[in-house]
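Here's a protein chain to explore together. Take a look at the model first, then work through the questions below.

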Amino acid sequence: MSTRIAFLKGHGTENDFVIVPDPENALDLTPAAVAALCDRRAGIGGDGVLHVVRSSAHPEARAMADEAEWFMDYRNGDGSIAEMCGNGTRVFARYLQHAGHVAEGDIAIATRAGVKTVHIAKDGDITVGMGSARLPEGDVTVSVGERSWPARNVNMGNPHAVAFVDDLAHAGTLFTPPPFSPADAYPEGVNVEFVVDRGPRHVAMRVHERGSGETRSCGTGACAVAVAAARRDGADPAATGTPVTYTVDLPGGSLVITERADGEIEMTGAAVIVAEGEIDAEWLENAVR
């Protein structure tokens, strides 16, 4: 391993990430190494790691290499692997632009949830094609303390439970995963969103992200919330042929979510690179022992 490892730090609506460029997939980013990097006191700090790899160099992405040159090998802050991260995809695209790999306009990024289409606008906002939502059947309940709420099961390539509440404070601290039932609804855990109304097609949310705890923003969560709110409000673009757009306020900022008539969900928001530097490889090796 090189004695120095390049990194950058970025965020999308304050969902923050350690970015590790590794085009040839030469680094062994173990779960312990990822957790050390994301440690906010002893490491760099972040909700997750964006491992930047050429699709052709990663065994999970080679089949997508003809469609997308770059693969977002995303890891949660605890080191676990995630299928997809919406805010992370925007920050990943911003990094590719920052590094000179892509320019404004449309690009494709490979993820574990498939190839995502991304548009980098001249005004700086980035729109990610998030795919379509799946709405698994079955009742789900989430709880915090003595309170429980029915939740909408929404899958955005990763699982979400969306609960509409009277007050976001009812979500508690969100330090630990809110309990859910039935137990077999989410065998690999779930992201839980608590949602209140702010106005017509305007909601606010807090989220516990699986593997990261409460985060300032969650892109797939915002998409899941917009879909759940639309269905609650009687809007289904596939049935009406009319797109529906919601503004979703998160602790770190706002995202605009549009569900098109063909089912594709588009998420638009800012993405920022705030710093870059080098990781001491010896520190990283010692941190995971």
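Q: How many helices and strands does the secondary structure of the chain come to?
A: Keep in mind that we're looking at a predicted model here. Tallying up its secondary structure gives 5 helices and 18 strands.

Q: What is the radius of gyration of the chain, and what does the globule rule give for 289 residues?
A: For 289 residues, the globule rule gives 19 Å. The chain's own value is close to that, so it is as compact as a globular protein of that length. Along its principal axes, the C-alpha trace spans about 55 × 40 × 30 Å. As for the radius of gyration, it comes to 18 Å, against the rule's 19 Å.

Q: What percentage of the residues of the chain count as buried?
A: A residue counts as buried when its relative accessible area is under 20%. Applied to the 289 residues of the chain, that cut-off gives 52%.

Q: Among contacts between residues at least 6 apart in sequence, what percentage join residues at least 24 apart?
A: Here we skip contacts between residues less than 6 apart in sequence. Of the contacts that remain, the share joining residues at least 24 apart is 62%.

Q: Which residues have the most contacts inside the largest nonpolar core?
A: In soluble globular proteins, nonpolar side chains tend to be buried together. In this chain, the largest nonpolar core has 52 residues. Helix H3 (residues 219-232) supplies the largest share of this core, 9 residues. The residues with the most contacts inside it are Leu96 and Ile257.

Q: How many residues are in the second, separate core?
A: This core includes Ala151, Leu174, Val192 and Val196. Its total number of residues is 17.

Q: Is strand E15 largely enclosed by the rest of the structure or not, and how many of its residues are buried?
A: E15 covers residues 244-250, which is 7 residues. Most of its residues are buried, so the strand is largely enclosed by the rest of the structure. The number buried is 5 of the 7.

Q: Which strands pair with E15, and in which sense?
A: Strand E13 (residues 202-209) pairs with E15 over 3 bridges, and there Ala204 has Asp249 as its bridge partner. E15 is also joined to E16 by 7 bridges, and a hairpin of 2 residues links them. So here's the pairing, going by the bridges: E13 is parallel to E15, and E16 is antiparallel to E15.

Q: In E16, what is the bridge partner of Tyr246?
A: Strands E15 and E16 run antiparallel. Tyr246 is also among the residues in contact with the one we want, along with Ala222, Val244 and Met267. The bridge partner is Ile257.

Q: Is Val256 buried, partly exposed or exposed?
A: Val256 sits in strand E16 (residues 253-259). Leaving aside neighbours within four places in sequence, its contacts include Thr245, Tyr246 and Met267. Its relative accessibility is 37%, and the in-between class runs from 20% to 50%. That makes Val256 partly exposed.

Q: Which side chain makes a polar contact with the side chain of Ser143?
A: Ser143 is in strand E8 (residues 140-144), and with a relative accessible area of 18% it's buried. Not counting residues up to four places away, it touches Ser148, Trp149, Pro178 and Pro179. The polar contact spans 2.8 Å, and the partner is Ser148.

Q: Which backbone oxygen lies 2.9 Å from a polar atom of the side chain of Asn191?
A: Asn191 lies in strand E12 (residues 191-199), and it's buried at 4% relative accessible area. Its contacts beyond four places in sequence include Asn158, His160 and His208. The oxygen belongs to Pro159.

Q: How many disulfides does the count come to?
A: The sulfur of Cys218 is 6.6 Å from the closest cysteine sulfur, in Cys85, too far for a bond. The sulfur of Cys38 is 11 Å from its closest one, also in Cys85, and that's too far as well. The count of disulfides comes to 0.

Q: Which residues of helix H1 are buried?
A: H1 covers residues 31-38. What covers its buried residues includes strand E2 (15-21), strand E3 (48-54) and helix H5 (281-287). One of the buried residues has just 6% relative accessibility, and that's Cys38. The full set is Ala33, Val34, Ala36, Leu37 and Cys38.

Methods: Residues are numbered from 1 along each chain as its sequence is written. This is a predicted model: local features need pLDDT of at least 70, side-chain atom pairs count only at pLDDT 80 or more; totals for chains, interfaces and linings use all residues. Side-chain values use heavy atoms; hydrogens and water are left out. A nonpolar core is a set of buried Ala, Val, Leu, Ile, Met, Phe, Trp, Tyr and Cys residues joined through side-chain atoms within 4.5 Å. Buried means under 20% relative accessible area, exposed over 50%, partly exposed in between (1.4 Å probe, protein chains only). Helices (H or I, at least four residues) and strands (E, at least two) are DSSP runs, numbered from the N terminus. Contact means heavy atoms within 4.5 Å. Two strands pair if DSSP finds at least two bridges between them. A polar contact is a pair of N or O atoms within 3.5 Å; within protein, one must be able to donate a hydrogen and the other to accept it, and residues adjacent in sequence count only if both atoms are side-chain atoms. A disulfide is a pair of cysteine sulfur atoms within 2.5 Å. The radius of gyration is taken over C-alpha atoms; the globule rule is 2.2 Å times the number of residues to the power 0.38.
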